[in-house]
Each structure stands twice: as structure tokens, then as C-alpha cells.
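Grab a coffee and work through a few exercises on the structure below. Try each task by yourself before you read its solution.

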Amino acid sequence: MATTAQTSSQGATRKGRTGFKLSLHGRKVVWAWTFLALPIVFYCWIRFYPTLSAFWMSLTDWDLLRPANFVGLANYQKLFADPLFWKVFGNTFLYLIIGTPISLVLSFVIAYYLDRVRFMHGLIRALYFLPFLTTAAALAWVWRWFYQPIPIGVFNDILAMLGFPAQPFLRSTTQALPSILVTGIWAGLGFQIIIFMAGLRAIPSTYYEAARVDGLGDWAILTKITLPLLKPTTVFLVVFSSIGFLRIFDQVYNMTTNDPGGPLNSTKPLVLMIYQTAFSSFQMGYAAAQTVVLFTILLAVSLLQLWVMRKR
Amino acid sequence: MSTQTNELRLNRSRIRPGRIIAWTLLFIGGLLMVTPLLYMFSTSLKSAGQVYDLRLIPLEPTFNNYIKVLSDGRFMRWFFNSALVAVTVTLSNVFFDSLVGYTLAKFDFRGRNLVFIAILSTLMIPTEMLVIPWYLMSSKLGWLDSYWGIMFPGMMTAFGTFLMKQFFEGVPDDFLEAARVDGLNEFTIWWKVAMPLVTPAISALAIFTFLGNWTAFFWPLIVTTSRELYTLPVGLSSFAVEQSIQWEMIMTGAALATIPTLLVFLFFQRYIVRGVMLAGLKG
């Protein structure tokens with residue numbers, strides 16, 4: 001509220017000072033810059049300056065204790081020679097390469113059929129959407145409980161009831177990452193379904209009518225009309241979900257608190273490595289270099305989206 | 001147009017058995033989606049001895065876990081912190097993102113495109129890259145472990161600005177001109193004339209910002225060190241670590257963190273779904 005008063009009074013004084021000589025256009029320009037003044041300060045101070053500062057830090061050996069020294073590309077050399085980084089890089093890539101296709105196919109199939117359902121449509125949609133509204137950090141603990149060994153874990157109890165051997169899940173270096181990934185996919189599915197449904201609704205019915213007049217079957221309509229017309233939605237979701245999996249953190253952190261990113265770093269994603277380098281070992285310069293690498297990967301994904309959209 | 005589409009789809013899919021199978025599968029899938037939530041609530045109502053019992057409906061439901069978790073006041077404090085942070089950040093975004101979006105959509109001045117592109121370009125910068133500079137900035141300015149420290153990075157967002165700009169572009173200039181002729185100043189025109197015309201966009205923005213901040217984990221985890229200032233997700237995480245294997249207590253904590261958003265959803269279901277669709281399509 002204080003800011004409201006501040007903005008308007010600032011505008012009033014400026015207008016008063018320049019008097020009535022200003023044209024209508026000139027007065028609007030003054031208003032525009034008055035409205036933008038505080039936001040411009042904000043974006044420069046909280047977005048652009050920290051960005052440049054992160055790039056700069058990545059070239060120093062800053063560790064909070066001693067003043068920073070310029071070390072050139074030493075942090076990057078160290079990073080690319082670090083086997084842990086390549087392990088983490090591989091994990092992050094696994095989250096992305098498994099998570100994105102599975103969640104996209106699942107959400108499309110569900111949205112496609114849900115869109116045709118009339119009976120209890122609202123309820124079913126709500127069931128799928130609810131997980132999206134929950135706190136990832138809280139629900140990660142529920143999933144962690146599901147994955148516990150007998151007799152605590154629900155999954156192992158069910159396996160035992162069906163006569164299958166118990167699985168280590170989060171305690172195994174091979175099963176832990178897929179187990180966490182299931183939680184990640186589950187958490188994001190509702191959002192993707194809703195967006196796909198919005199995309200399906202936006203396709204004009206005339207296309208479907210024409211197709212039916214031409215005698216096309218359901219499958220032909222799906223592949224020749226629905227999917228091509230849905231491309232903008234699909235591309236958006238591919239990028240959105242890729243970025244989400246590349247930045248996965250909440251689930252991993254909460255499902256492996258006794259050994260974050262474990263067992264044996266088998267689940268550690270890049271963001272968790274950044275967090276530990278910066279806030280457990282306080283190697284700020286080294287961590288900044290890791291964030292620059294993350295930034296580069298995300299930038300590449302976004303540019304890829306622009307390129308795909310342009311080719312359409 | 002959309003009702004027409006629906007009718008058509010209804011006609012097209014009159015093949016009964018297929019529809020029934022599809023409906024049943026969808027329904028089962030939906031139930032599976034909420035199973036973690038059901039188990040969370042179910043276990044939060046069980047005593048420690050019943051946790052290993054897989055029954056979804058507790059034999060002897062009890063609120064003792066809730067009483068125990070809430071008794072020391074920590075959760076209430078975290079609840080208050082999360083609410084304060086999420087509401088403040090949401091109000092700030094609704095105000096500033098709309099104001100900037102409106103200015104970029106409805107004012108003609110040199111540098112407008114530059115400002116727009118500059119703001120939009122910040123979408124490319126991941127939070128993870130900014131947290132280290134934010135942390136050092138906060139430690140220099142004494143913002144660590146304070147409400148302002150948790151809130152300041154999200155007070156304005158490029159996403160919100162872009163969303164609001166899109167919507168303000170659809171507001172007819174005649175409305176604004178008429179208000180100008182009536183002698184209203186530009187701030188009043190924005191606040192009293194233009195804002196009421198884009199309420200669907202405002203509610204979409206508000207819902208997104210609130211949810212994002214209510215569930216935020218990464219930055220609050222970094223910036224807060226004292227228990228009193230934890231937000232609910234960070235508090236819950238520390239609580240769960242401390243409880244170690246008392247799963248009924250952890251489930252109670254998780255349920256407490258989840259109940260508020262579920263209540264909000266029950267009351268505003270239609271707005272939330274529409275808001276997500278709007279934001280997803282326009283944003």
C-alpha cells in the first residue's frame with residue numbers, strides 16, 4: 001500500500017514540475033516511466049546484476065572466508081575433470097530423458113480420453129489434478145514411506161502379498177533414481193493433463209466435422225488432425241517438462257536426506273550438487289561455475305523450442 | 001464454439017463398450033493418482049501401532065497425532081510464515097506485474113520494446129543461478145533469516161508481466177480514452193478502469209503466484225537458518241528428518257502442509273483449472 005502512494009505521488013510531483021507545457025503524449029510518456037521506475041530498479045538489482053555477478057564469481061575462487069581471486073577458467077577445468085560432475089550430469093540427463101517422454105505420453109493419453117468423458121468429468125479431472133497442488137517437499141515423504149522395506153513400505157507389502165521378492169527401491173544404486181522419478185512424474189502430471197485438455201479444446205470443431213464428412217476414422221483424425229494442430233501445446237509442454245526435470249531438487253533432497261543424492265550419488269541431480277557445493281562446502285566460485293553450466297543447458301533447451309516453433 | 005465441439009465429440013463416441021472401458025480405466029487411474037494423498041491422511045489418523053496396517057480406513061481413527069504435532073506451536077508458526085510470504089508476494093505480483101504489463105501494452109514511448117525484451121529475457125535465467133549472488137547480497141544487507149529475505153526475489157516476475165501484457169492488449173483503447181476525457185489520471189485509469197476488465201487474468205496470476213510461493217522449497221531452505229522463520233515445506237522437511245521413523249507423525253506433518261491448498265482447491269476449483277489453462281496457453 002505504501003508503494004501505491006509512493007508511485008502516485010512521485011507521478012504527481014513530476015507532472016507538477018514540468019507544468020502544463022507537456023502535450024498529452026508527453027504526459028503519457030512521463031506516466032509510463034513513472035510506472036516503470038521501481039520495476040526497472042528491481043529487474044536490474046535482483047535479476048541482471050546477480051546474473052552478471054554469477055558469471056563473474058564462476059571465474060573466481062571465492063569461498064566466503066578469503067577475498068575472491070580471479071582464477072580464469074580454473075573452476076570449469078576442475079568441474080569437467082571431476083568424475084562426480086559427470087555422474088551428476090548423467091543423472092540429470094536420465095531424469096530428463098526418461099521423465100519427459102513418459103509424462104508427456106501419459107498426460108496426452110489421459111487428456112485425450114478425459115476430454116471425451118462427460119459422466120463425472122469434473123470429479124475425474126480433479127483426481128488427476130490434485131497432486132499438482134500439493135507441496136512437493138511434503139509428498140516426497142509420503143512416497144519415501146511407500147518405498148520403505150517390509151513391514152513399513154506399502155509397495156513392498158503389496159509385492160510380498162503377490163508373492164514377489166522385496167525390492168530395495170531407494171536403497172539401491174540402480175532403483176533409487178527411477179523411484180524418485182516416479183514421484184516427480186506423478187507431481188507434474190496433473191498440470192500437463194490440464195494444458196493438453198486446453199489445447200484439445202482450442203481445436204475448432206469444423207476440422208473434425210470436415211474429417212468426418214471425408215469418412216476418416218478415429219485414428220486417422222488423431223494422427224492427421226489432432227496431433228498436428230496440437231503441436232504448439234506439445235512443444236510448450238516438452239520444454240516446460242524438460243526444464244522441470246533438469247531442475248529437479250525437492251523430491252531428491254527430501255527422499256534421500258540421510259545421504260543427499262545417494263546412495264553413492266546415484267540420484268544426485270545438478271541442482272543438488274550446486275546446493276551442496278555452495279551451502280555445505282561454501283565453494284561459491286566453484287558452485288557458480290556449475291550454475292553457469294546449468295544455465296547453458298536450459299538456454300539450449302529454450303532455443304531448441306524457438307527453432308522448432310519457427311520451422312512450423 | 002466449444003459446446004459445438006463437445007456435442008460433436010459426444011455423437012462421435014457413441015460406441016458404448018469402448019466408452020465404458022475408457023471411463024473405468026480413467027477412473028481407476030484417477031484413484032491411483034490420489035492414493036498417496038489418501039494414505040497420507042489415513043496414516044495421519046492412525047496410532048503408532050497401526051502404521052503397518054495397510055487398511056486405508058483406520059480401525060480406530062484418532063486425532064492424537066495432530067494434537068501432538070500442533071501442540072508445540074512450531075507448525076502454526078511455519079503455517080503463518082508461509083501464509084504471510086505467499087500472500088505478500090502474490091499481492092506484490094498482482095500490483096507490479098499488472099502495472100508493468102499495462103504500461104507495456106497501452107503506452108507508446110521510445111524504449112518500450114527494449115524494456116519488454118529486457119524483462120522477458122529474465123525468463124531465461126534459472127533461479128539456481130541467482131541464489132548464490134542473492135545469498136551474498138542478503139548476507140551483506142542483513143536480509144538472511146528474515147521475511148524480506150524469503151520474499152524479495154519473487155516480488156515481480158517476467159512471467160506475470162508477460163501474461164498481464166497479453167491480456168491488457170485485448171482491452172479496447174476507447175474505454176481508456178473515455179476515462180481520459182473524463183479527466184481521470186493515468187494511475188486511476190489503470191486501477192479503476194483497466195484492471196476490472198482483466199479479472200480472469202488477475203486470478204490466474206494470483207493463483208499461480210500463491211501456489212508457487214506456498215510450495216517453494218529451494219530458496220527458503222537457503223535463506224532461513226532459524227526454525228522460527230522456516231516456511232511450511234522447509235519446516236516439514238526438518239521435522240521429518242527429526243522424527244526419523246515415526247511415519248505417522250511425518251504423515252501428519254505432510255497432511256498439515258497439504259490441507260490448505262486442498263481447501264483452496266475445493267472452493268475455487270473452476271477458477272484454478274481455468275487459470276492454469278489461461279496461463280498455460282497465453283504464457
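Domain bounds here come from an automatic or database domain assignment. Keep in mind throughout that this is a predicted model.

**Exercise 1. Find the domains of each chain, and work out how far apart their centres are.**

Start with chain B. The assignment splits chain B into domain 1 (2–62) and domain 2 (68–282). Next, take the centres over C-alpha atoms: those of domain 1 and domain 2 of chain B are separated by 31 Å. Then look at where the two touch: domain 1 of chain B puts in 7 residues and domain 2 of chain B puts in 7 residues. On the domain 1 side of that contact in chain B, you'll find 4 nonpolar, 2 polar and 1 charged residues.

Now do chain A. Its assignment gives domain 1 (2–57) and domain 2 (83–310). For chain A, the C-alpha centres of domain 1 and domain 2 are 40 Å apart.

**Exercise 2. Describe the side of chain B that touches chain A.**

Begin with the head count: 74 residues of chain B are in contact with 74 residues of chain A. Then ask which element gives the largest share of the chain B side: helix H14 (residues 247–282) of chain B does, with 15 residues. Finally, sort the chain B side by class, and you get 57 nonpolar, 14 polar and 3 charged residues.

For a close-up, pick B:Ile132. Skipping neighbours within four places in sequence, B:Ile132 contacts a set of chain A residues: A:Ala54, A:Met57, A:Ala278, A:Met284, A:Ala287, A:Ala288 and A:Thr291.

**Exercise 3. Decide how H6 of chain A and H2 of chain B cross.**

Two packed helices are described by the angle between their axes and the distance between the axes. So get both values: helix H6 (residues 136–146) of chain A packs on helix H2 (residues 16–44) of chain B at an angle of about 85 degrees, with the axes 10 Å apart. Angles of 65 to 115 degrees count as roughly perpendicular, so H6(A) is roughly perpendicular to H2(B).

Next, list who meets whom. From H6(A) come A:Leu139, A:Val142 and A:Trp143, and they meet B:Pro36, B:Tyr39 and B:Met40 of H2(B). By class, this contact has 6 nonpolar, no polar and no charged residues.

**Exercise 4. Locate the largest nonpolar core and its best-connected residues.**

The largest nonpolar core holds 155 residues. Those with the most contacts inside this core are A:Val142, A:Ile193, A:Ile194, B:Ile132, B:Ala201 and B:Ala254. Which helix gives the most to it? That's H8(A), with 16 residues.

**Exercise 5. Buried or partly exposed? Sort A:Phe196, A:Pro131 and A:Ile203.**

You need the cut-off first: a residue is buried if 20 or more other C-beta atoms lie within 10 Å of its own, exposed if 12 or fewer, and partly exposed in between.

- A:Phe196 sits in helix H8 of chain A. It has 24 C-beta neighbours inside 10 Å, so A:Phe196 is buried. Beyond four places in sequence, A:Phe196 touches A:Ser107, A:Phe108, A:Ala111 and A:Thr233.
- A:Pro131 is in the loop between helix H5 (121–129) and H6 of chain A. With 22 C-beta neighbours inside 10 Å, A:Pro131 is buried. Its contacts beyond four places in sequence are A:Trp186, A:Ala187, A:Leu189, A:Gly190 and, from chain B, B:Met33.
- A:Ile203 is in the loop between helix H8 (176–201) and helix H9 (205–213) of chain A. It has 16 other C-beta atoms within 10 Å, so A:Ile203 is partly exposed. Leaving out residues up to four places away, A:Ile203 touches A:Thr226 and A:Leu229.

**Exercise 6. Compare sequence separation with distance in space, C-alpha to C-alpha.**

Take the pairs one by one:

| Pair | Apart in sequence | Apart in space |
|---|---|---|
| A:Ile203 and A:Ile225 | 22 residues | 9.0 Å |
| A:Phe196 and A:Thr234 | 38 residues | 7.6 Å |
| A:Pro131 and A:Ala220 | 89 residues | 33 Å |

**Exercise 7. Check the backbone and setting of A:Asn265 and A:Phe282.**

A:Asn265 isn't a glycine, yet it has a positive phi of about 60 degrees. Its place is the loop between helix H12 (250–255) and helix H13 (270–279) of chain A. With 18 other C-beta atoms within 10 Å, A:Asn265 is partly exposed.

A:Phe282 isn't a glycine either, and has a positive phi of about 55 degrees. You'll find A:Phe282 in the loop between H13 and helix H14 (284–310) of chain A. A:Phe282 has 13 other C-beta atoms within 10 Å, so it is partly exposed.

Note on methods: Residues numbered from 1 in each chain as written. Chains lettered and ligands numbered in written order. Predicted model: local features only at pLDDT ≥ 70, side-chain atom pairs only at ≥ 80, totals over all residues. Helix = DSSP H or I, 4+ residues; strand = E, 2+ residues; numbered from the N terminus. Nonpolar A, V, L, I, M, F, W, Y, C, P; charged D, E, K, R; others polar. Core = buried A, V, L, I, M, F, W, Y, C linked by C-beta atoms within 7 Å. Axes fitted to C-alpha atoms, helices over the stretch in contact; angles between N-to-C directions. Parallel < 35°, antiparallel > 145°, perpendicular 65-115°, else oblique.
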